[in-house]
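The exercises below are meant to be worked with the sequence and the coordinates side by side. Try each task before reading the solution that follows it.

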Amino acid sequence: MPTHFFRYFFLILMILAVTAAVLIRTDFLRYAEPLALQSPPPAKHRVVLVPLDTRPACIDYVTSLSGMADMEIIQPPVELMDNYLTPANRPELRAWLKDACRAADYAIISTDSLVHGGLMASRLPIGNAEDYQNTLQLLREIHAENPSLQLHVFNIIPRLLVPDQLYDQTIRENILAFSILKDKASRTPLPEELEQLKVLETTLPPEVIQRYLNLYQQNDIFNSDLIKLTEAGVLQGLIIGQDDGQPFGLPNGNKLSIEKILAARPQLADRVISTRGTDEVALTQMARLANQQAPRKLRVHVIYSDPSIPDLIMPYMPHSVARTVEEKLKLLRCEPANSLWDADFILYIHIGRPDTPDLAATLHQTSLQVQQLLASGRPLALVDLSENFTLENTLLPTLIQDKANIARLTAYAGWNTSSNSIGTALAQSTLFLNALHRPDAPSRILELYETNLNFLVRRFLEDGSFQLETFPFVNQALRQAGNNPLQLGDDRSTDEVIRRLTSVDADYLFRRGLHNQIVSVMTADGPRQLLITSLQTDTTLPWRRLFEIRLRTTLSLAEINP
């Protein structure tokens, strides 16, 4: 990749880096002592994880929060897993899984990895009838050999759009229209929609239509087979997620099929869960397992920043935000709370709209409401989305500008689909809050807060900075320079730009958002007050494309002397 484009940019970054190196002294530091945390005790449960793929949201999020679930995650060797467009080594992965399960208490398994080699491969799909049967037989064998092992599996309904590498844009657009009209035809279609469908059925090549229909037919059959394994006791839990969709489209028919099966088998209501989403499913499945160990279900009070949000259908979603919340609360074994005072924590959902009048004033009022809720003492998880995925409509920049104590948030999610963001924020919150009430919590309280703060700050930088600011900028720069952001190749200059920009963003977040903010912690010895005294980051691109980052944050904490 040509690097001349970045030369001037690097000069600016060097100046910023030098400026950032001069740290602002925290006013409280003269009264604070660095906090030395003990190593966490060994986890009580060993959990084998076969992730959906190797992106951070599918694997790193699970491992980062597993300590709060008192779980040790056993991962497949990297060389067996997928890498962007290269699928996993399925025969070797299946063999590894069978062996790893012999020394585990739980297993969280993506069937898409076992059948196809990952999410990207499942969209083609790569797996055939033999792969499906081999996977079903493998699950039966693992259960027979390890009857005390709890097998928890998740399978994904394919997304509405076909992959770019399959067909040209015209065919992809026609398949999309075909899928939408085909779904409408199964309900109450208009005459003109039926005519449009007939035209598409004669325009599209028959083999293209058949391949697309086969994708959902095979998925429908496999979902039914997995439900039967659950009913037979081979699987202890099954989650069926759904990749990106719209209110109409053939994938919705697969979800409806599942709902009909479950309606006829009420005994499976707590063991088979149907939800929207993909990347967050493994994390929510781990959180669900941990939450099952809690003495009771957590109560969640949901607040929306605008009364129109519950009925809003966000991009890539087939239904409303309110229904997404309902699904994720059920998945994570939470109960809705009617009032703030009946709740164990608050789920606050903000979705910025591009047509909001007097946007700055509206965001400021929303910021004040969030600050008041934080001051109430109730834990608060913030889902901070934008209908058109733009930074100016999100809340985090205004919270930082208003000097809100964002370090007191229990969780933050500010980008991705509403299903992904809501599911991830709820998973983090429930893992953290339930961990605080376990019998061993008093001896681990500071470690639990440090773990949650690290993940919280990471989400600020990933969602609030990288996805909405850095990614659009670098993506445009690469395209203007004649480079394909989805095929970076072996050149690492883009990696360095991302690393430096993230470092600058981390410094800004520390100085403007975390500086002098106190985190109050109730311990067995009484209340203690913590400060974040430094923030370091390590950033890489997990795949040779510009879309997601692998970000690790390291916080230093200090305790204010009483």
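**Exercise 1. A proline in a loop**

In which loop does Pro125 lie?

Solution. The model is a predicted one, and in it Pro125 belongs to the loop that runs between α5 (119–122) and α6. The next step is to inspect the backbone, where the peptide bond joining Leu124 and Pro125 is cis, with an omega of about -15°.

**Exercise 2. Overall dimensions**

Decide whether the radius of gyration of the protein agrees or disagrees with that of a compact globule.

Solution. Begin with the chain length: for 562 residues, a compact globule would have a radius of gyration near 24 Å, and the protein has 24 Å, so the two agree. Then consider the extent of the C-alpha trace, which spans about 75 × 55 × 45 Å along its principal axes. Turning to the interior, 57% of the 562 residues count as buried, and of the contacts between residues at least 6 apart in sequence, 80% join residues at least 24 apart. The secondary structure comprises 17 helices and 15 strands.

**Exercise 3. Surface and charge**

Describe the accessible surface of the protein and the arrangement of its charged side chains.

Solution. The accessible surface amounts to about 24,100 Å², and carbon and sulfur atoms account for 52% of it. As for charge, there are 52 positive and 63 negative side chains, and the centres of these two sets lie 2 Å apart.

**Exercise 4. Two helices that pack together**

Compare the expected and actual spans of α10 and α7, and then find what covers their buried residues.

Solution. Helix α10 covers residues 250–264, and at 1.5 Å a residue its 15 residues should span 21 Å; the end C-alpha atoms are 22 Å apart, which agrees. Applying this rule to the 17 residues of α7 gives an expected span of 24 Å, and its end C-alpha atoms are 24 Å apart, again in agreement.

For the packing, list the buried residues of α10, among them Leu250, Pro251, Ile258 and Leu262. These buried residues pack against several elements, including β5 (150–157), α7 (169–185), α9 (206–231) and α12 (321–331). In α7 the buried residues are Ile175, Phe178, Ser179, Ile180, Leu181 and Asp183, and their cover includes α8 (191–203), α9 and α10.

**Exercise 5. Two acidic residues in helices**

Is Glu145 buried, partly exposed or exposed, and how is Asp495 classed?

Solution. Glu145 is in helix α6 (residues 129–145), and it counts as partly exposed because its relative accessibility is 40%. Leaving aside residues up to four places away in sequence, Glu145 touches Lys98 and Arg102; Arg102 is 43 residues away in sequence, yet the C-alpha atoms of this pair are 7.9 Å apart.

Asp495 is found in helix α17 (residues 493–514), and at 14% relative accessibility it counts as buried, since the cut-off for burial is under 20%. With the same exclusion of residues up to four places away, Asp495 touches Leu541 and Arg544.

**Exercise 6. Positive phi angles**

Locate Tyr316 and Asp358, and state the phi angle and the exposure of each.

Solution. Tyr316 is in the loop between β8 (298–304) and α12, where its phi is positive, at about 70°, although it is not a glycine; at 45% relative accessibility, Tyr316 counts as partly exposed. Asp358 is in the loop between β10 (345–352) and α13 (359–375), and this non-glycine residue has a positive phi of about 50°. The relative accessible area of Asp358 is 58%, so Asp358 is exposed.

Terms used. Residues are numbered from 1 along each chain as its sequence is written. Side-chain values use heavy atoms; hydrogens and water are left out. Helices (H or I, at least four residues) and strands (E, at least two) are DSSP runs, numbered from the N terminus. The radius of gyration is taken over C-alpha atoms; the globule rule is 2.2 Å times the number of residues to the power 0.38. Buried means under 20% relative accessible area, exposed over 50%, partly exposed in between (1.4 Å probe, protein chains only). Contact means heavy atoms within 4.5 Å. Accessible areas come from the Shrake-Rupley method with a 1.4 Å probe; for residues, only the protein chains shown count as cover. Lys and Arg count as positive and Asp and Glu as negative; His and the chain ends are not counted. The place of a charge is taken as NZ of Lys, CZ of Arg, CG of Asp or CD of Glu. The expected span of a helix is 1.5 Å times one less than its number of residues.
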